[in-house]
Amino acid sequence: MALLEIKKYPEKVLKEKTTLVEDIDVHIQRLIDNMIETMYAARGVGLAANQVGVSKRVCVIDVSAVEEEKKPLIVLINPTIIEKEGSEKTEEGCLSLPGYTTMLNRAEKVHVQGLDRNGNPIDIEGTGMLSRALQHEIDHLDGLLIIDRISPIKREFFKRRLNKSKKLKASKK
Ligand code: NI
């Protein structure tokens, strides 16, 4: 297994909708193993394939780090949200936007269908952190980041802050 580089905003691959996996071959299996290792090393609760530069509809999720009890590791291939319910606002961050968190509205409960790494259909109903993680990772696979979910004013602030820190970095070189 190997650690993969996590792509950061504004890399283009993060903005593109990923393509469906048609064949769960050895390359996909290797990608999944490396994504799992990378997610744990980065202490994330989820990781989407385009975050490591592969534009395929694959994500991994493990919310154990932020839950009181151990939760199963979830590998999802070609996931879709088939039902959403309720609404909940909490703070969210992203490995592709280091140092940034924002309050975000998400559905309280989601029903997701997809395939596991053996190609078997899976059906997940998520609430709480799992619901948020599922929505966050599926957003990634659709080319959406948390900053695409905030108000235009907040987004403007975010971009200004990013430009400032870029200038600061440049002036230090
Ligand atoms: Ni993210």
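This report describes a buried loop residue, a helix and a group of aromatic side chains in a predicted model.

## Asn 50 and its surroundings

Strand 1 (46-48) and strand 2 (58-61) are joined by a loop, and Asn 50 lies in this loop. The relative accessible area of Asn 50 is 0%, so the residue is buried.

Leaving aside residues up to four places away in sequence, Asn 50 touches Lys 7, Val 13, Leu 14, Glu 16, Thr 18, Ser 55, His 140 and Leu 141. Two of these partners, His 140 and Leu 141, are also among the buried residues of helix 2.

## Helix 2

Helix 2 covers residues 128-141, which is 14 residues. At 1.5 Å a residue the helix should span 20 Å, and its end C-alpha atoms are 20 Å apart, so the expected and modelled values agree. After the helix comes Gly 143, which has a positive phi, near 80°.

Helix 2 is mostly covered, with 12 of its 14 residues buried. The buried residues are Leu 130, Ser 131, Arg 132, Ala 133, Leu 134, Gln 135, His 136, Glu 137, Ile 138, Asp 139, His 140 and Leu 141. Charged residues such as Arg 132, Glu 137 and Asp 139 are thus included in the buried set.

## The aromatic cluster

Two aromatic pairs are found in a search of the whole structure. In one of them, Tyr 9 and Phe 158 meet edge-to-face, at 5.3 Å centre to centre and with 70° between the planes. This pair links distant parts of the chain, since Tyr 9 belongs to the segment before helix 1 (26-41) and Phe 158 to helix 3 (residues 152-172), 149 residues apart. Tyr 9 counts as buried because its relative accessibility, 17%, is under the 20% cut-off. Phe 158 has a relative accessible area of 4% and is therefore buried as well.

Tyr 100 and Phe 158 form an aromatic pair that is likewise edge-to-face, with 4.8 Å centre to centre and 65° between the planes. Here too the pair links distant parts of the chain: Tyr 100 is in the loop between strand 4 (88-93) and strand 5 (101-106), 58 residues from Phe 158 in helix 3. Both Tyr 100 and Phe 158 are buried. Tyr 9, Tyr 100 and Phe 158 make up one aromatic cluster.

## A charge over a ring

Phe 157 has the charged end of Arg 160 over its ring, 5.7 Å from the ring centre. Both residues fall within the range of helix 3 (residues 152-172).

Technical notes:
Residues numbered from 1 in each chain as written. Heavy atoms only, no water. Helix = DSSP H or I, 4+ residues; strand = E, 2+ residues; numbered from the N terminus. Buried < 20%, exposed > 50% of the residue type's maximum accessible area, 1.4 Å probe, protein only. Contact = heavy atoms within 4.5 Å. Expected span 1.5 Å × (residues − 1). Phe/Tyr/Trp six-rings, centres within 6.5 Å; stacked < 30°, edge-to-face > 60°. Lys NZ or Arg CZ within 6 Å of the ring centre and 35° of its normal.
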